[in-house]
Amino acid sequence: MDGIELKAENQELRNEVEELKLDNYRLNKKTTILENTINELSKIVEQNDNKVICKMKIKEVLVKLESRLELNHCK
């Protein structure tokens, strides 16, 4: 292998590492968003005895979750 091949291979490896870091960041972001949503849903369930109101609020939270995941490119 000459120096040019080594440089190209090195660059490839650096690119793979950057991709893995980005994937890891997205996964961590998605996990945080999902954990926050679970906490929000738990609070809604605790606060509401009325099943209809609870279902409506849960739907609202899930819609927000969907948009957060889209905004953060986490789908």
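**Briefing: a two-helix chain**

In helix α1, the residues I33, T37, L41 and I44 are buried (under 20% relative accessible area, with a 1.4 Å probe and protein chains only). These buried residues pack against α2, residues 51–71. The model is a predicted one, in which local features need pLDDT of at least 70, side-chain atom pairs count only at pLDDT 80 or more, and totals for chains, interfaces and linings use all residues. Residues are numbered from 1 along each chain as its sequence is written, and side-chain values use heavy atoms, with hydrogens and water left out.

Helices and overall form

- The chain has two helices and zero strands (DSSP runs: H or I of at least four residues for helices, E of at least two for strands).
- The radius of gyration of the chain is 21 Å, well over the 11 Å from the globule rule for 75 residues, so the chain is more spread out than a compact globule (C-alpha atoms; the rule is 2.2 Å times the number of residues to the power 0.38).
- The C-alpha trace spans about 70 × 15 × 10 Å along its principal axes.
- Helix α1 covers residues 3–47, 45 residues in total, and reaches 66 Å from first to last C-alpha, close to the expected 66 Å (1.5 Å times one less than the number of residues).

Burial and contacts

- Buried residues make up 13% of the 75 in the chain.
- Of the contacts with a separation of 6 or more, 52% join residues 24 or more positions apart (contact: heavy atoms within 4.5 Å).

Key. Buried means under 20% relative accessible area, exposed over 50%, partly exposed in between (1.4 Å probe, protein chains only).
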